[in-house]
Structure formats: structure tokens, C-alpha cells
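Welcome to a short tour of a protein model. Keep the sequence and the 3D view open while you read, and look up each residue as it is named.

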Amino acid sequence: MGRLKKFGKRKPVFNGNRQEASTNSVWYNGSPPPTAKFNFCTSQLLKCPEEVAKKSVTNAIEEAVALNENSRDITAAFDGSWQKRGHTSLNGVITATSLDNGKVIDVECLTKFCHNCKSDQPGHVCMKNYDGFSGGMESDGVVNIFQRSENLYQVRYVNYLGDGDSKGYKKVEELNVYGNVKVSKLECCEHVQKRMGTRLRKLCKDMKGKKCSDGKPLTGRGRLTDSAIDQLQTYYGLAIRRNAGKDVEKVRRAVWAIYFHKYSTDEEPYHTLCPPGTDEDCWCGYNKASVTGNKYSHQHSLPPAVMDEIKPIFRDLSNQELLKKCLHGNTQNPNESFNHCIWERIPKTVFVGLKTLKQGVLDAVICFNDGCVSRLNVLESLGIEVGPNTKTALYAIDKKRFEDGESLLCK
């Protein structure tokens with residue numbers, strides 16, 4: 001058990017059982033030994049964060065409604081996160097954030113594990129609230145969030161923002177949650193942008209050992225290299241974001257402008273679709289040079305044979321139906337940021353039960369929506385008197401958070 005060190009005049013009482021040690025004894029490297037079970041304490045401590053988090057979520061929803069011209073039909077982004085990778089996790093968290101203010105508007109915690117069931121304890125309350133494979137947690141959690149939205153918050157999530165392989169939307173569509181009100185699917189611009197790089201890298205893999213129409217390989221110096229793929233992926237994402245809120249045809253023209261810009265040579269320039277050189281946001285060096293009268297050299301163009309190979313990819317990713325779902329110009333970054341906050345509180349290296357998982361998620365909701373200073377509401381609801389040092393520390397954490405965010409935006 002380790003060496004005990006005496007503090008004060010009284011000797012610690014130890015009879016071989018850590019739980020039965022005298023309360024007058026103090027362990028060498030910490031406070032008095034803990035009680036055997038914390039279930040009662042955990043249940044009591046869970047009530048106050050639940051109340052504070054519910055108020056925070058309600059305020060976030062009302063703020064989103066106000067930003068949406070007081071319409072109760074709002075847009076939400078949904079994402080699932082697991083405590084363990086590889087879709088073998090016993091715990092999962094499904095989050096919903098508002099596209100209007102970026103705040104969390106609902107969460108669902110699911111688990112396939114119950115300690116009492118495993119120990120065959122009779123008459124217990126089972127903590128397991130999900131059966132099935134871990135990958136299906138996201139779709140079930142999304143359905144639960146949709147089904148309680150009208151009763152709890154009097155809103156409907158008429159626009160569903162998710163990644164391309166989201167099964168949650170398909171299940172919501174099949175169940176017809178809102179009756180005659182159809183839920184529209186929106187795409188995350190960042191996930192769509194990644195498709196360009198994924199498709200181009202797959203093409204390079206499939207073309208390995210094969211030749212293009214000019215008798216040369218697809219990859220290599222001056223051809224479709226990794227840096228050229230990253231560049232095309234970035235340009236594709238910018239074409240979508242810079243034309244957010246505009247007509248879908250303008251987005252489509254902007255995507256094809258990238259293709260013909262890279263296709264152009266000094267002998268055959270194709271810059272008709274590129275922005276005019278007189279525009280402030282013009283990125284085309286050729287059109288800028290045409291206005292200023294300077295000479296422009298197409299040093300970064302790709303060979304026509306390479307461009308012919310990647311043309312089908314541009315054709316697929318410039319589909320009007322796909323681009324129409326990206327006109328909002330938003331991403332799932334708030335969900336990803338919130339997921340980071342969750343697993344920062346609950347390390348993925350340590351398995352926890354449902355109550356502990358909920359405590360970490362609720363604290364993440366409170367801090368993510370209203371800042372760490374909102375923890376004062378939890379302490380006050382627990383009847384704990386908050387001192388000035390605690391307030392100062394929480395305000396300092398929030399201040400650093402804002403400063404770090406502003407520094408990232410300035411980069």
C-alpha cells in the first residue's frame with residue numbers, strides 16, 4: 001500500500017482495508033482515502049450542470065431564431081464523435097450546432113456499456129441506451145435530436161448540414177420526422193473541398209504504371225504532383241466560399257475557371273471564365289497583366305494530357321446539385337471544435353460510464369456556448385459560495401480564449 005507518513009501527533013489507523021481507514025488518518029501523497037462508491041454523488045452533481053446546460057442551449061436556439069428572422073425553422077449541423085476510433089467505441093456523442101451563431105443547440109450521449117449489467121446486479125437501473133454497431137450511433141442520435149426538437153425547443157431543423165456519407169439524414173428522411181415538412185440536405189464545404197484532393201490522389205494511384213495520351217505518366221515533375229493536387233483542392237474550396245450566397249451557375253463558372261486557368265499556355269490562353277483584371281478580388285495573373293500591360297508567363301500550367309485525365313473529376317465536382325448544397329458557404333467546424341472540447345475533458349485513453357460522459361459533455365456545452373465564466377452558475381446552483389479568485393481565474397481563461405482566436409484570424 002505504500003509508506004504512510006504521520007501528520008501531527010495522531011498516528012494513522014490502518015487495518016489493511018483502505019476504505020476502513022480512520023478518517024483521522026491522512027495519506028502521504030494526498031487527502032483522506034475516498035469512499036467506495038461515487039454513484040450517489042455523481043447523480044446529485046449531474047442535476048445542476050443539466051439545468052445550466054439546458055438554459056444555455058435554449059438561449060442559443062432563441063438567438064438562432066432571432067438571426068433567422070424569427071423563423072422557428074432553422075438550419076443545424078450534425079456530427080458524431082466516438083471515444084475510441086475504428087467504430088468499436090462503446091461511447092458516442094452526437095452534436096447539433098446552429099449555422100446562424102455556431103453554438104451548440106443539442107447533444108445526445110449514447111453508450112453500449114452498463115457496469116451493473118456486467119456484474120449481474122439485480123434490480124439496478126440499466127445505463128445502456130444503445131444496441132447495435134458503433135457506427136450507427138450517429139444516425140440514432142440524430143433521429144433522437146430531431147424527434148424532441150419541437151417538444152423541447154419549439155423549433156424544426158429544416159436544413160441538415162452533414163458530411164457526404166452521413167447516414168443520419170437518410171434515416172431522418174425515411175422516418176419523415178416532421179410530417180409534410182421536408183428536411184433539405186446541405187453539404188459541408190470543407191468535406192466537399194476534400195473530395196477534390198481525394199479524387200485526384202485516387203486517380204494517381206489508378207494511373208500508376210500507365211501513360212497519358214502524350215506517352216508520359218500522370219505524375220512527375222511538371223505534372224500532377226502532390227503540391228499541384230493540394231493547390232487544386234485549395235482553389236476549388238475558395239471557388240465555393242467566395243461565391244457563397246450567389247447563383248449556383250456563378251459557382252460552377254468559378255470551378256471551371258480553375259480548370260481552364262491551369263490548362264492555359266502562352267500560345268493558347270483560356271481565361272475567359274477567370275475574374276476580370278479590373279476586379280479587386282481578381283486572382284488571375286493573366287487578366288491582371290492584360291490590364292496593366294505587363295507580360296505574363298504561364299509557368300504553373302499543367303500539360304493538356306494531364307488536364308484531359310482530370311477533366312471528369314471537375315465535371316463531377318461541378319455538378320449543379322452538389323454545388324447548390326454548398327451555397328451556404330458553411331462547414332462543420334463548430335461541431336469539430338466542440339468535439340475537441342469534449343475529449344479534452346474526457347480523455348480517450350480512459351474509459352468512462354454514461355454519467356461521467358454526460359458530465360464532461362454538459363461542461364463542454366456550458367463553456368463552449370457561454371464561456372468558462374458560466375461555470376459560476378453551476379457552482380451557485382450547488383450552493384457553493386464563489387470567491388473572487390475563482391471569478392478572476394475563469395475570466396482570465398475566457399480572455400485568453402478570445403485572444404488566441406483573434407490571433408488565428410489575423411494569420
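Let us start inside a helix: Asn 339 is part of helix H11, which covers residues 333-345. Helices here are DSSP runs of H or I with at least four residues, strands are runs of E with at least two, and both are numbered from the N terminus. Is Asn 339 buried or exposed? With a relative accessibility of 5%, Asn 339 counts as buried. Buried means under 20% relative accessible area, exposed means over 50%, and partly exposed lies in between, with a 1.4 Å probe and protein chains only. Setting aside neighbours within four places in sequence, Asn 339 is in contact with Asp 79, Gly 80, Ser 81 and Thr 95. Contact means that heavy atoms are within 4.5 Å.

Before going on, a word about where the numbers come from. This is a predicted model, in which local features need pLDDT of at least 70 and side-chain atom pairs count only at pLDDT 80 or more, while totals for chains, interfaces and linings use all residues. Residues are numbered from 1 along each chain as its sequence is written, and side-chain values use heavy atoms, leaving out hydrogens and water.

**The whole chain**

The protein chain has 14 helices and 5 strands. Of its 411 residues, 40% are buried. Among contacts between residues at least 6 apart in sequence, 63% join residues at least 24 apart. The accessible surface comes to about 23700 Å², and carbon and sulfur atoms account for 50% of it. Accessible areas come from the Shrake-Rupley method with a 1.4 Å probe, and for residues only the protein chains shown count as cover.

**The cores**

In soluble globular proteins, nonpolar side chains tend to be buried together. The largest nonpolar core in this model has 49 residues. A nonpolar core is a set of buried Ala, Val, Leu, Ile, Met, Phe, Trp, Tyr and Cys residues joined through side-chain atoms within 4.5 Å. Which residues have the most contacts inside this core? They are Phe 78, Phe 146, Tyr 157 and Leu 357. Not counting residues up to four places away in sequence, the residues that Phe 78 touches include Thr 95, Val 142, Ile 145, Phe 146 and Tyr 157. Apart from the largest core lies another, of 34 residues, with Leu 200, Ile 240, Met 307 and Phe 314 among them.

**On the surface**

Nonpolar side chains also appear outside: Leu 45, Leu 382 and Ile 384 make a nonpolar surface patch of about 230 Å². Patches are made of residues with over 30% relative accessible area and no salt bridge; like charges are joined within 9 Å, and nonpolar side chains (Val, Leu, Ile, Met, Phe, Trp, Tyr) within 5 Å. Leu 45 sits in helix H1, residues 39-67, and is partly exposed at 41% relative accessible area.

Two loop residues are worth finding as well. Asn 70, in the loop between H1 and strand S1 (73-82), has a positive phi of about 60 degrees although it is not a glycine. Asn 70 counts as exposed, with 60% relative accessibility. Gln 154, in the loop between helix H3 (137-153) and strand S4 (156-162), has a positive phi near 55 degrees and is likewise a residue other than glycine. At 47% relative accessibility, Gln 154 counts as partly exposed.

**Charged pairs**

Side chains of opposite charge can pair when their charged atoms come close. How many salt bridges does the structure hold? There are 20. A salt bridge is a side-chain nitrogen of Lys or Arg within 4 Å of a carboxyl oxygen of Asp or Glu. The table shows some of them.

| Acidic residue | Basic residue | N to O distance |
|---|---|---|
| Glu 63 | Lys 103 | 3.1 Å |
| Glu 108 | Arg 148 | 2.6 Å |
| Asp 363 | Arg 345 | 2.6 Å |

Asp 363 lies in helix H12 (residues 354-370) and Arg 345 in helix H11, so this pair ties together parts that are 18 residues apart in sequence. Asp 363 is buried at 19% relative accessible area, whereas Arg 345 is partly exposed at 26%. Salt bridges with shared partners join Glu 344, Arg 345, Asp 363 and Arg 375 into one network.
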